[in-house]
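Trainee: I would like a close look at one part of this structure. Please take a helix, show me what surrounds it, and then work outward to the rest.

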Amino acid sequence: MKRFHVTTFGCQMNEHDSERMKGMLTSLGYEEVERREQADLILFNTCSIRENADNRFISHLGEAKRLKGEDPARVVGVGGCWAQSVKEEVFRRFPFVDVAFGPGQIHRLAEFLNSDSITAQGYFEFEEFAGDLPANRARPFQGWLQISQGCNCVCTYCIVPSTRGREQSRDPSLLVEEVERLAADGVREVTLLGQNVNSYGRDLPSASRIRFSDLLRRIDSVEGIERIRYTSPHPKDMREDVIEAHAELPALCEHIHLPLQSGSSTILKKMRRTYDRERYLDRVAMIRERIPDCGLTTDIIVGFPGETDRDFRQTLEVVDRVGYDGAFTFGYSPRRGTAAADMDGQVPHPVKKERMAELVDLVQERARERAQRFVGRSMEVLVEGPSRSDPTRLRGRSRHNKAVNFEGAAEPGKLVEVEIEAATSQTLSGNERLLSGIGA
Ligand code: 5AD
Ligand code: SF4
């Protein structure tokens, strides 16, 4: 039996692609192994979002080169966004690579493995989503659902539109069938994936065209699905109907990840985000009004070209006003082929570092304050397994997407009530509530 090893970098879309890659390889008779040196087929699913993502992956490639040197029959494959961004250049720079393919083109890997080709092959055409591949899920009770691929936005810092192509929504009936299959297979929490979920459906033929909120409604009615999440929405397209859906649909979780990127309208314009600070704050106000307890998280870039100290203060001000439950913060990283990489006013590294430290402090302070609202409450937690820091305790997630460490005895995949006793900026902790009236 042939053995494979996959290393995944990047976002949830890549995680999902890797699960599908593993599913496909299992169906071809391959077996997954834990260590790279045990594998006949060494795969990397790469990311190119920031420079450090590139660097991390390239240091791993060195080991693959050594292993290939020891046994030339080994196959080395590189998929995902980095591969797409360099295309054929990958074979010149890394001659030991046998096959390279763009994101979502996992079926091409199968084609390569089933062919007698002994020369390196690259697959970089954008194609339809291959929806019929099985996925080996990391947790049996959580599943991904890719609702669209590609992105029609033109954010000037972002490499994704060039690595994932134009936006294509998948047919809603196929998506609902896929969720029904997942539910029948034990999935209780499903996460919908798209680069901009709010524009879902706009490119569909009129006979099957539905809005994102309609899709949420259809998935909410699937028996067995207790939690629905999605990532990421875009503030420019986040409309009332989606916020309304959160208030109405029992399975749709009280958490929205709404990428801010910058709190300065001048910088947002240079980023070509097509919303300004007021529009963003207006979305937040609408969310707070309709879903008062909603968890809100975000992505922020510091040191975008031309960002002045005043622009940066405006970002801090938005963070302070919104009070996020958490935020991913990134130093701006110039990416090949993007408009911002050639802009004037690149911010020096030490300035980025200083701004980043100040931002992270504020994010954490506000997150810690926000988290106190959960103390003393009983919250529904989906059990994931033992806690990472203390394996005698359990770990799970609340509907607000907070990690919860707790004392309890429930099996992974169960929904339990946890009494929250303490909260930090990152995690909640407490005790599983034992239901009284046993046997009732
Ligand atoms: N530099 C820094 N951060 C970036 N992001 C995307 N492109 C860049 C870049 N060139 C961040 C954005 C996005 C998140 C996934 O990564 O905040 O929302
Ligand atoms: Fe995901 Fe973007 Fe990285 Fe591609 S470049 S893997 S879309 S985070």
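Mentor: We start with one helix, then move to its neighbours, the domains and the ligands. Keep in mind that this is a predicted model.

The helix is H13, residues 349-371. Check its length. It has 23 residues. At 1.5 Å a residue, H13 should span 33 Å. Its end C-alpha atoms are 32 Å apart, which agrees.

Now find the buried side of the list. In H13, the buried residues are Lys352, Arg355, Leu359, Leu362, Val363, Arg366, Ala367, Arg370 and Ala371. Look at the spacing of those numbers. An α-helix has 3.6 residues a turn, so residues three or four places apart point the same way.

What covers these buried residues? The cover includes two helices, H11 (277-290) and H12. It also includes strands E13 (295-302), E14, E18 (415-423) and E19 (427-432).

Take one residue beside H13. Aspartate 325 sits in the loop between helix H12 (309-322) and strand E14 (326-331). Is aspartate 325 buried or exposed? Its relative accessible area is 7%, and buried means under 20%, so aspartate 325 is buried. Its side chain makes a polar contact of 2.9 Å with the side chain of arginine 373. Leaving out residues up to four places away in sequence, aspartate 325 touches Ala367 and Arg370, among others. Both Ala367 and Arg370 are on the buried list of H13. Other contacts of aspartate 325 include Cys294, Gly295, Leu296 and Thr297. Lys402 and Ser425 are also among the residues that aspartate 325 touches.

Next, follow H11, one of the covering helices. Methionine 286 is found in H11. It counts as buried, at 16% relative accessibility. Leaving aside its neighbours within four places in sequence, methionine 286 is in contact with Glu240 and Ile243. Glutamate 240 lies in helix H9, residues 240-248. Methionine 286 and glutamate 240 are 46 residues apart in sequence, yet 7.8 Å apart in space, C-alpha to C-alpha. Glutamate 240 is partly exposed, with a relative accessible area of 40%. Not counting residues up to four places away in sequence, glutamate 240 touches Met286 and Arg290. Serine 213 is 27 residues from glutamate 240 in sequence, and their C-alpha atoms are 9.4 Å apart.

Compare a glutamate in a strand. Glutamate 189 is in strand E10, residues 189-193. It is buried, with a relative accessible area of 5%. Its side chain makes a polar contact of 3.1 Å with the side chain of glutamine 142. Beyond residues up to four places away in sequence, glutamate 189 touches Phe141, Gln142, Gly143, Arg227, Arg229 and Leu382.

Step back to the whole chain. The domain assignment gives domain 1 (3-123), domain 2 (130-372) and domain 3 (375-433). The centres of domain 1 and domain 2, taken over C-alpha atoms, are 27 Å apart. The contact takes 26 residues from domain 1 and 25 residues from domain 2.

Where does ligand 2 lie? Domain 1 and domain 2 both give residues to its shell, so ligand 2 lies between them. The residues around ligand 2 are Cys11, Asn14, Thr46, Cys47, Ser48, Ile49, Cys81, Val160, Arg164 and Gln195. By class, the shell has 5 nonpolar, 4 polar and 1 charged residues.

Now turn to ligand 1. Among the residues around ligand 1 are Ile49, Arg50, Tyr157, Gln261 and Asp299. Phe330, Gly331, Tyr332, Ser333 and Arg335 are there too, along with Ile301. Notice Ile49, which also appears around ligand 2. A polar side-chain atom of arginine 50 lies 3.0 Å from an oxygen atom of ligand 1. A side-chain N or O atom of glutamine 261 is 2.6 Å from an oxygen atom of ligand 1. Serine 333 uses its backbone: an N or O atom there lies 2.8 Å from a nitrogen atom of ligand 1.

One last residue. Glutamate 63 is found in helix H2, residues 51-70. It is partly exposed, with a relative accessible area of 25%. Not counting residues up to four places away in sequence, glutamate 63 touches Arg36 and Glu37. Histidine 5 is 58 residues away along the chain, and the two C-alpha atoms are separated by 13 Å.

Terms used:
Residues numbered from 1 in each chain as written. Chains lettered and ligands numbered in written order. Predicted model: local features only at pLDDT ≥ 70, side-chain atom pairs only at ≥ 80, totals over all residues. Heavy atoms only, no water. Helix = DSSP H or I, 4+ residues; strand = E, 2+ residues; numbered from the N terminus. Buried < 20%, exposed > 50% of the residue type's maximum accessible area, 1.4 Å probe, protein only. Contact = heavy atoms within 4.5 Å. Polar contact = N/O pair within 3.5 Å; in protein donor to acceptor, adjacent residues only side chain to side chain. Near = heavy atom within 4 Å. Nonpolar A, V, L, I, M, F, W, Y, C, P; charged D, E, K, R; others polar. Domains from an automatic or database assignment. Expected span 1.5 Å × (residues − 1).
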